[in-house]
Amino acid sequence: MNNIVDFKKPKKQKDQKPKHPPLINLPPITKALLLIMIAVHAVAFLLLDETTRASLFLNFGYVPAIWTGQTDYSIDLNALVSPITYMLLHGNMMHIIMNGTMLMAFGAGIEKWLGAKRFLIFFILCGIGSVIVETLIHPFAQYPVVGASGAESGLFAAILILLQSQGRLPTGKYGIWPFAAFWIGLSLVFGLIGGSVIGSQIAWAAHLGGFITGFGLLRLNYFKAPL
């Protein structure tokens, strides 16, 4: 049985509206990390009382002294997961806003470059490298380190390497080292003057560790991506 095809121009539907891209068009892992960070912060500061919140930070923030045996607390399950969970906790509203903004600025481009799976692994490893350096420099520190800025320092290292590979940063004798030195120097200055931004001392060693880890990881073949 044959069909009769009407070649007349179809009438435009009145209720049809043009499609618009989403306001914040982030790749999936970057978006998921951002939403988890915001959700954890909302629960910690809107639903928990001060005592419970302090316990949350102590148990799931990263405490260097626990790993060096310089405190009465022992390495338990909470401590074992803390090198990852500390990245999801933030000290106050300004802290989460700054780290959320950095994640969107750096994470979107790096995830598109590396791909979702490698980006997530890269982010986690930078966060772990961040607290390893923090522990080496401050082995007796008993305050919990919180925030994703160490891992995001690794993302900043990746941004420098990506821009250089695209010819948007110099490749000569000094290359990207002036930019790297500026980032490291900025972290050191903030560490010396204190953390007025987040209400406590900024873990500059963690920033340094994340940057070094990110820079080193991108020298491995596994993390190299086609440009």
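**A friendly note on the aromatic cluster and the core**

1. Let's start with a small group of rings: Phe 106, Phe 156, Phe 211 and Phe 215 form one aromatic cluster. Please keep in mind as you look at it that this is a predicted model.

2. The chain has 7 aromatic pairs in total. One of them joins Phe 106 and Phe 156, with ring centres 5.6 Å apart. Why is this pair called tilted? The planes meet at 50 degrees, and tilted covers angles that are neither under 30 nor over 60 degrees, so the label fits.

3. Now find the two partners along the sequence. Phe 106 sits in helix 5 and Phe 156 in helix 7, so their pairing ties together parts that are 50 residues apart.

4. Are these two rings buried or exposed? Phe 106 has a relative accessible area of 14%, and Phe 156 also has 14%. Buried means under 20%, so both residues count as buried.

5. Next, the wider fold. The chain contains 9 helices and 0 strands. Of its 227 residues, 42% count as buried. Among contacts with a separation of 6 or more, 78% are between residues 24 or more positions apart.

6. Finally, look at the largest nonpolar core, which has 41 residues. Those with the most contacts inside it are Ile 110, Trp 113, Phe 122, Phe 123 and Leu 155. Helices 1, 5, 6, 7, 8 and 9 each supply at least two residues of this core, and helix 7 gives the largest share, 9 residues. As background, nonpolar side chains tend to be buried together in soluble globular proteins.

Definitions and conventions
Residues are numbered from 1 along each chain as its sequence is written. This is a predicted model: local features need pLDDT of at least 70, side-chain atom pairs count only at pLDDT 80 or more; totals for chains, interfaces and linings use all residues. Side-chain values use heavy atoms; hydrogens and water are left out. Helices (H or I, at least four residues) and strands (E, at least two) are DSSP runs, numbered from the N terminus. Buried means under 20% relative accessible area, exposed over 50%, partly exposed in between (1.4 Å probe, protein chains only). Contact means heavy atoms within 4.5 Å. A nonpolar core is a set of buried Ala, Val, Leu, Ile, Met, Phe, Trp, Tyr and Cys residues joined through side-chain atoms within 4.5 Å. Rings of Phe, Tyr and Trp (its six-membered ring) pair if their centres lie within 6.5 Å; planes under 30 degrees apart count as stacked, over 60 as edge-to-face and the rest as tilted.
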